[in-house]
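Dear colleague,

I am handing over a structure that you have not yet worked with, and my notes on what was found in it follow below. Please read them with the structure open beside you.

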Amino acid sequence: MKFGYFDDLHREYVITQPDTPLPWINYLGCEAYFGIISNTAGGYSFYRDARLRRITRYRYNNVPMDFGGRYIYLRDDESKDFWSPSWQPTRNDLKDYTCRHGMGYTVIGSSYSGIEAHTRYFVPLGENLEIWQLTVTNKRATKASISAFSSIEFCLWDAQDDATNFQRNFNTGQVEVEDGVIYHKTEYRERRNHFAYFASSEPDASFDTQRDAFLGPYNGWDKPAAVVAGQLTNSIAHGWSPIGAHQVKLDLEPGETRQIVFVLGYHENPVDQKFDPPESQTINKKTVKPVIAKYLDPKQADAAFEKLRQYWESVLGIFQVNTPDIHTNRMVNIWNAYQCMATFNMSRSASFYESGIGRGLGFRDSNQDLLGFVHMAPARARERILDLAATQLPTGGAYHQYQPLTKRGNNDIGGGFNDDPHWLIIGVSAYLKETGDWSILDAPVQYDNQPGSEQPLYDHLQRSFNYTLSRLGPHGLPLIGRADWNDCLNLNCFSDTPGQSFQTTTNKEGKVAESVFIAGLFVLAGRELAAIASHRNLKDEAAKYLAESAKMEKVTLKDGWDGEWFLRAYDDFGAKLGSKDCKEGKIFIESNGFCTLAGIGLEDGKAASALAAVNQRLATKHGIVVQQPAYSRYYYEWGEISSYPPGYKENAGVFCHVNPWVMIGETRLGHGDQAFDYYSRINPSAREEISDLHRCEPYVYAQMIAGKDAPSFGEAKNSWLTGTAAWNYYAIVQWILGIRTSLEGLEIAPVIPTNWPGFTATRTFRGVVYKISIERKGSGNQIALTVDGSPIKGNIVPVPSDGRKTVTVKGILS
Ligand code: GLC
Ligand code: GLC
C-alpha cells in the first residue's frame, strides 16, 4: 500500500494521505538555520546546533505523535468552524490533502468547506530564517470571512534544559512585540546575544505570546481557546511558555486568492550592541528589521525560493544518470543525493528518531558521510575534514563525537573506538579523489583543539594509521577498544549495571579482544594512504603503508578466516565471534562485507566463499541482516549487541548502512546481478508499494529494517540520518554504475546487471562535464573506452590537459 507518489519531474514526493504510518519528514535549510518538517507540519527549527540553539519546541515520543510544529489554523468567522490545512493539529476531514516534500522545501495544503489553502515552507539561502507562504483561495460562490492564525512555541534555546529544568525556566521566558513582530528574547538580558522573531506580512488583528492564553490551560493544540473564540488575547509572556501567534483577517470574494507571508527567524547582535537605547533592556532591532521587511514581501520570498530551486538544480546536476531502472534513477538523481546532503548537515543530530540532544557529530559517521556528498559541496567537505581532524587526539585516536556549535570533542563520550581514526583516511582520500586539492594535506590542524599543537593534516593521517600499529592484539589483528563500526559490539565492557552506557563503560583493559572488521578497514586505509604518499613522492612511506597493509591482509586471511567466511572478532577470552563454532552469531556481515570490499581474498577464492556464505545465511528479501543466528539472550561479555531483542538493530536487524559493503564486494567479484539485487532490496523507492509494512518514508533510506527474527520483519526505523545514505550512493554510483573518482581521473568500471543494455550519465568532475554512455555488447564487465572518439588504454579518463570543458566518453562492455 502507498500513501503518495513520486513526482520525479518536480523532484518531489507527494503524500496524499495525512495519516502516514509515521511522520514522513523533510529538512528545511542547508547552511546554518535548519528545521525538520513532517507531512502534517510537525517539527522544529534550530540554528546550527539542535541541542544548544533550539528555536521552537517539539515533543518527541508524544501522544498523539508528532506534536509541536508550524501550525496554521483557518477559522470561518461566520460558522465559527476552524481547521488546519495541514491536517494536524485539528485533524479535520480534509479534501485534496497533499504534502509535497521537495528539495529544501515542503508545501502542505488541502480544501475544507470551499476554502483552499496551502503553505510553502522553506529557508532562503544565506539567511537564518524560514518563510511560510500561506495562500488561501475562496472557492465558494459567496464571500468568506476567514481568520488565519499562525502559531509556534518557542524553545528556551537549550533543548535539554528546556525539557527538564522547570524550576528555572518557568520563570525566565521573555518577549517583546513591536510593529506586530513577536521577538523571543529569553536570556537575552544576561549572556545571550541572540533572539528569535516571528512576523507576518499582514497587519495583525491580534496576537498572543503566552501559551496558556492562546491554548487555555487544559486545551491542546487541536483546540486553542483563542482560535475557538476567534480572537487572540494580545498576551505578553512572562515566564512559563512563550509562543508566537498571529491572527490575520481575510475577507475573500468568490474566487479570490490572498497570500500571507510569515517569517520565523534567528538573529544575533554584537555583544556590545545588544540594546537600543544602550542603557535599556530593549532589543536592538536595527540590523534585523531590514531582513524581516525583505522577506515579508511575497516577491522577495518568491525570488528566494527560485534561488533555492536553482541551487538544488545545480547541485544535483553534478551527477545525473539514466538507467533502465526507475528506482535507481530517482534515488541517484534526486533523493539519495539529497539525503546525503541532509546527513552531512545534520550528522546524526536531528530527525524524528534523533532528538537533537543526544549526539553531536560522529567522527566515523561524518567521515563516511563524505563519500556521499563530497562532489556536491567540496568546500564544505574541506571544512568538515579540518574540523574533524582538529578533534583528533595526539595518540591518533579520536573523540567519538563533537559538538557542531563549539567544534570541540565531546568529553562525555570520549574516544577509544578503535576504528575511528581510519575513517579520517578514507574521508580525506575521497576528498582528494574528487577535488585534486592536495593543499589540504598541508593545512595546519590542531590536536584536541589545543592551540600550539598544529600539524599538517597529513601528519594526522599518519597518526591515524599508526594508532592501530601500536594497538595490535594476540593474533596481530587490531584491538577493538570500546567498539569498532558496530557500536554495540562491546567486548571490553562487561556491564551488569542497569542503564550504564555500553558505549562509554570500559571495564577491561582491552588487550585481547580483536576486530577483523578493523583489520579490513586498516588494509584499505593503508592502501589509500600509500597512494596519497606516493603521489607526494614519499616512496619509502608509501612502501611502508603497503607493507603493513599486506601484512594485515595475511593475518586476516589466516587468523581472521573461519574456513568458509571471515570471523568477526576475538573476545576478551580469546574466543571467536562469527565462527561456525559459535552457538549464536556464527556469521556477521561487517567483516565479510568490508574485507571483500577492501579486496581481501579476491585471488584465493576466500572473498567469493565469504560472500556466498553471506548470501546463504544472511540475505533476506528485505536486505542482509547483521548476523545469524541472532542472540537470544544477553551476553555480558559481548555487550549491547545482545541487549536488543532478536531481529532489531545490531542484533540481526538489516542494518542498511552495511549492506552496500556486500554490494561493493560483489562488484569486486564481478557479480553485477547480485550486487544490483542487493541494492534493490533496500532501495526505498523500490519498497514504496509496501509502505504499510516499511512504514518509514519511501524516499529516503532508514538505518534499519527489522530482520527475519523480528515479529515486524520488514519494518524500517531510524530514517534519514544514517551512513546508509552515503554508502548506498557510493555503492551504486561508484561501484555498480562504476563511475568512480580516483586520484588520476575519472575511472569507468561498470559492473551492472547482465540484462541492462547500458546506461547514460553526466558527471561534472574537476570542472569538466563528462558525458558518458555505456553500451552492453556482451555479458561481462570488460570495458573498452573511447574519449571524444579516440580509444584510450585502461579505464581511467584523465582530466583533459587542453582545457576542454566537455568530454564525451563511450564505453562498450563485453
Ligand atoms: C549507528 C552509528 C554508527 C555506527 C552504527 C553501528 O549508525 O551512528 O556510528 O557505526 O550505528 O553501530
Ligand atoms: C546505540 C545504537 C547504535 C548507535 C549508538 C550510538 O548503540 O544501537 O546503532 O550507533 O547507540 O551512540
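**Ligand 2 and its surroundings**

In this model, a polar side-chain atom of Glu650 and an oxygen atom of ligand 2 lie 2.6 Å from each other. Please keep in mind throughout that the model is predicted. Two further contacts of this ligand can be given with their distances: an N or O atom in the side chain of Asp487 is 2.6 Å from an oxygen atom of ligand 2, and a polar side-chain atom of Glu640 lies 2.9 Å from an oxygen atom of ligand 2. On its own, ligand 2 exposes 310 Å², of which the protein buries 82%.

The residues around ligand 2 are Arg359, Asp487, Cys488, Gln503, Glu640, Tyr644, Lys649, Glu650, Phe655 and Gln703, and by class this shell divides into 3 nonpolar, 2 polar and 5 charged residues. As for where the ligand is placed, the space taken by ligand 2 is the second largest pocket.

**Ligand 1**

Ligand 1 also sits in the second largest pocket, and the residues around ligand 1 are Arg359, Arg364, Asp365, Trp485, Asn486, Asp487, Glu650, Phe655 and Gln703. Sorted by class, the shell around ligand 1 has 2 nonpolar, 2 polar and 5 charged residues. Glu650 appears here again, with an N or O atom of its side chain 2.5 Å from an oxygen atom of ligand 1, while the side chain of Gln703 has an N or O atom 3.0 Å from an oxygen atom of ligand 1. Trp485 takes part through its backbone, where an N or O atom lies 2.5 Å from an oxygen atom of ligand 1. Of the 310 Å² of accessible area that ligand 1 has on its own, the protein covers 97%.

**Aromatic pairs**

Turning from the ligands to the protein itself, the count of aromatic pairs comes to 60. In one of them, the ring centres of Tyr13 and Tyr699 are 5.2 Å apart and the ring planes stand at 35 degrees, so the pair is tilted rather than stacked, a class that would need planes under 30 degrees apart. This pair links distant parts of the chain, 686 residues apart, since Tyr13 belongs to strand β2 (residues 12-15) and Tyr699 to the loop between α18 (691-694) and β34 (702-705).

**Backbone points to check**

Most residues other than glycine have a negative phi, and most peptide bonds are trans. With that in mind, three places in the backbone may be worth a look. A cis peptide bond joins Val63 and Pro64, with omega at about -10 degrees, and Pro64 is found in the loop between β6 (54-56) and β7 (71-76). Another cis peptide bond joins Gln88 and Pro89, where omega is about 0 degrees; Pro89 has its place in the loop between β8 (82-83) and β9 (95-101). Lastly, Arg11, a residue other than glycine, has a positive phi, near 55 degrees, and Arg11 is placed in the loop between β1 (4-7) and β2.

With kind regards

Note on methods
Residues numbered from 1 in each chain as written. Chains lettered and ligands numbered in written order. Predicted model: local features only at pLDDT ≥ 70, side-chain atom pairs only at ≥ 80, totals over all residues. Heavy atoms only, no water. Near = heavy atom within 4 Å. Polar contact = N/O pair within 3.5 Å; in protein donor to acceptor, adjacent residues only side chain to side chain. Areas by Shrake-Rupley, 256 points an atom, 1.4 Å probe, with all protein chains shown as cover. 1 Å grid on protein atoms, 1.4 Å probe; cavity = no way out; pocket = protein on both sides within 12 Å on 5 of 7 lines; lining within 4 Å. Sits in = over half its atoms within 2 Å of the grid points. Nonpolar A, V, L, I, M, F, W, Y, C, P; charged D, E, K, R; others polar. Phe/Tyr/Trp six-rings, centres within 6.5 Å; stacked < 30°, edge-to-face > 60°. Helix = DSSP H or I, 4+ residues; strand = E, 2+ residues; numbered from the N terminus.
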